[in-house]
Amino acid sequence: MGNLNKKKDNSRLKSVLDSVLRVAEKKFSYEKKADSCRIRWGRLIIQAVGMYAELIKLSEIADLAQELDELKVVVKQKWQ
């Protein structure tokens, strides 16, 4: 059950990050903005992409850990 809740939380966070990236990209692309404002939006884009990458990495690690646990069970069954 805990893994399901983590996946739901990650899904929600990815949805929020998608929204942040869309807004930040629009604000960053708007040429009439001052350079300092565009720099701040650019930094937000970098942070959001970094967070997204971390979520993907953690999700992949969790999936690999689950596969490893399943393999351990199969190996134990074959050697008993």
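## Exposure and the model

A residue counts as buried when its relative accessible area is under 20%, as exposed when that area is over 50%, and as partly exposed in between. Val16 has a relative accessibility of 48%, so Val16 counts as partly exposed. This residue lies in helix α1. The structure described here is a predicted model.

By the same kind of count, 8% of the 80 residues of the protein are buried. The accessible surface of the protein comes to about 6800 Å². Carbon and sulfur atoms account for 60% of that surface.

## Overall form

The protein has two helices and zero strands. Helix α1 covers residues 2-29, and helix α2 covers residues 35-79. Between α1 and α2 there is a loop, and Lys33 has its place there. Lys33 is partly exposed, with a relative accessible area of 28%.

The C-alpha trace spans about 70 × 20 × 10 Å along the principal axes of the protein. The radius of gyration is 20 Å, whereas a compact globule of 80 residues would have a value near 12 Å.

Two distances between C-alpha atoms add to this picture. Asp35 and Ala65 are 30 residues apart along the chain, and their C-alpha atoms are separated by 45 Å. Asp35 lies in helix α2 and counts as exposed, at 57% relative accessibility. For Lys33 and Ile46, which are 13 residues apart along the chain, the C-alpha atoms are separated by 18 Å.

## Salt bridges

Side chains of opposite charge can pair when their charged atoms come close. A search of the whole structure finds two salt bridges.

One salt bridge joins Asp9 and Arg12, with 3.2 Å between the closest N and O atoms. Both residues lie in helix α1, three residues apart, which is about one turn of the helix. Asp9 is partly exposed, with a relative accessible area of 43%. Arg12 has 54% relative accessibility, and because the cut-off for exposed is over 50%, Arg12 counts as exposed.

Another salt bridge is formed by Lys57 and Glu54, whose closest N and O atoms are 3.5 Å apart. These two residues belong to helix α2, where they are three residues apart and separated by about one helical turn. Lys57 has a relative accessibility of 43% and counts as partly exposed. Glu54 also counts as partly exposed, at 33%. Both values lie between the 20% and 50% cut-offs, so neither residue is called buried or exposed.

## A nonpolar patch

Which residues make a nonpolar surface patch of about 240 Å²? The patch is made by Leu13, Val16 and Met51. A residue needs over 30% relative accessible area to be part of a patch. Val16, at 48%, is above that cut-off, so its accessibility fits its place in the patch.

## Aromatic rings

A pair of aromatic rings is described by the distance of the centres and the angle of the planes. How many aromatic pairs does the structure hold? The number is zero.

A ring does take part in a contact with a charge. The charged end of Arg38 sits over the ring of Phe28, at 5.0 Å from the centre of that ring. The cut-off for the distance to the ring centre is 6 Å, so the 5.0 Å between Arg38 and Phe28 is within it.

Methods: Residues are numbered from 1 along each chain as its sequence is written. Side-chain values use heavy atoms; hydrogens and water are left out. Rings of Phe, Tyr and Trp (its six-membered ring) pair if their centres lie within 6.5 Å; planes under 30 degrees apart count as stacked, over 60 as edge-to-face and the rest as tilted. A charge sits over a ring if NZ of Lys or CZ of Arg is within 6 Å of the ring centre and within 35 degrees of the ring normal. A salt bridge is a side-chain nitrogen of Lys or Arg within 4 Å of a carboxyl oxygen of Asp or Glu. Helices (H or I, at least four residues) and strands (E, at least two) are DSSP runs, numbered from the N terminus. Buried means under 20% relative accessible area, exposed over 50%, partly exposed in between (1.4 Å probe, protein chains only). Patches are made of residues with over 30% relative accessible area and no salt bridge: like charges are joined within 9 Å, nonpolar side chains (Val, Leu, Ile, Met, Phe, Trp, Tyr) within 5 Å. Accessible areas come from the Shrake-Rupley method with a 1.4 Å probe; for residues, only the protein chains shown count as cover. The radius of gyration is taken over C-alpha atoms; the globule rule is 2.2 Å times the number of residues to the power 0.38.
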